[in-house]
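Visitor: I should like to understand the terms used for a bound ligand and for a pocket. Please explain how each one is justified.

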Amino acid sequence: MSGDTSAAAASSAADHDGVVGPGTPLLEVRDLAVEFRTPEGNVRAVDGLSYRVAAGRTLAVVGESGSGKSVSSLAVMGLLPDTARVTHGEVLLAGEDLLSLSRREHRRRCGERIAMVFQDALAALNPVHTVGYQLTEALRRRRGMSRRDAGRRAVELLDLVGVPNARGRVKDYPHQFSGGMRQRVMIATALALDPDVLIADEPTTALDVTVQAQVLRLLAEIQAERRMGLVLITHDLGVVAGMADDVTVMYAGRVVERAPVRDTFGAPAHPYTRALLHSIPSSGAGGDGEGRRLPVIPGRPPSPAALPTGCAFHPRCDTARDVCRTDPPPLEAVAVDRASACHFAAEVLASHDVPPPVEHEEAAHD
Ligand SMILES: Nc1ncnc2c1ncn2[C@@H]1O[C@H](COP(=O)(O)OP(=O)(O)OP(=O)(O)O)[C@@H](O)[C@H]1O
Ligand code: SF4
Ligand SMILES: [Mg+2]
């Protein structure tokens, strides 16, 4: 644990709202809320999400399926479907609120500075164009490069992400690449315009363990070299331990804990984080990679259309009390750079309930 964990120390910290991440933020999300229009009425999928990412830092966003990780990223990128809308919040890119712009301008700004790697490269790449065309098209349109220069840069990018025989493969179509190579192509496409921030939404979920490690190592190397801010959405707590500086834990659309990774993993300040860390499979389990994914804790996360009253986690929380069933806990600072949304966060933190260590899944071992 770093620093003083007392609430007094927390309130005197400059960053009293608990939004972690030192350095001037490249990207800052403030109090973001997203709703979907459904036949049953409006459903809030993201509620009050805030985070910051500075140059060269990695923020991991974790949470069970349906917690709002992808929807919030699509909102940041201006890519929400027509049935969704941002009802609150700001997305500040170098201080400019992208949500105040037209959708077209929003996407244009993102195209210049933020890139996203999606979970499913095959779905994200256009099947009817060669990967070379997909790389050069962005360079020609956005950077005004000549066909020849863009072609040369496309080969360099494929080379950078470790596609063998890049010069030859630039003429291939996405389906001609293996899963791991497609993911590399996707990363090359994301890096083409030299973004300041990369949002990687489960970039390796579809890959086998060895290839996962290679792709993660690649991401880590490129990030360090270019000093990009990286938002890494993952189910894999080993990857969080190995790659991230800070972590935001989401539950049912809300942030329940955020902190520097080493602090949270050493002593969580929210029962949900604690449950996740305690249910991590022991070392060596899950040889197929599944064992390192977000562990299963008893019960299911709620649908955003039917949230429990009070604390949304209360039906699954082993320390819930009466107040938890009626009063939603606000996200509050519990220590320097740390915040938790639990009525009893100080108790959880003070219990020194040390979870078993998370085996670091460093991008280095493949
Ligand atoms: N098109 C949609 N229409 C209505 N609700 C949606 C739609 N897409 C997402 N949602 C709702 O938004 C919530 C958040 O979805 P999101 O895709 O962000 O989850 P996630 O955290 O990325 O999950 P996963 O780990 O499975 O990728 C979901 O619970 C779902 O109910
Ligand atoms: S507020 Fe109550 S139910 Fe929610 S996490 Fe804390 S102790 Fe558990
Ligand atoms: Mg998702």
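Guide: A polar contact is a pair of N or O atoms within 3.5 Å; within protein, one must be able to donate a hydrogen and the other to accept it, and residues adjacent in sequence count only if both atoms are side-chain atoms. This is a predicted model, in which local features need pLDDT of at least 70, side-chain atom pairs count only at pLDDT 80 or more, and totals for chains, interfaces and linings use all residues. Residues are numbered from 1 along each chain as written, ligands are numbered from 1 in the order in which they are written, and side-chain values use heavy atoms, without hydrogens or water.

Visitor: What makes the pairing of G66 with ligand 1 a polar contact?

Guide: A backbone N or O atom of G66 lies 2.8 Å from an oxygen atom of ligand 1; the limit is 3.5 Å, so the pair qualifies. By that limit H235 also qualifies, through a polar side-chain atom 3.2 Å from a ligand oxygen.

Visitor: How do you know how much of ligand 1 the protein buries?

Guide: Taken alone, ligand 1 exposes 640 Å², and the protein buries 67% of that, by the Shrake-Rupley method with a 1.4 Å probe.

Visitor: Why are three residues of the shell around ligand 1 called charged?

Guide: The shell divides into four nonpolar, six polar and three charged residues. Asp, Glu, Lys and Arg count as charged; Ala, Val, Leu, Ile, Met, Phe, Trp, Tyr, Cys and Pro count as nonpolar, and the others, Gly among them, as polar, so the three belong to the charged group.
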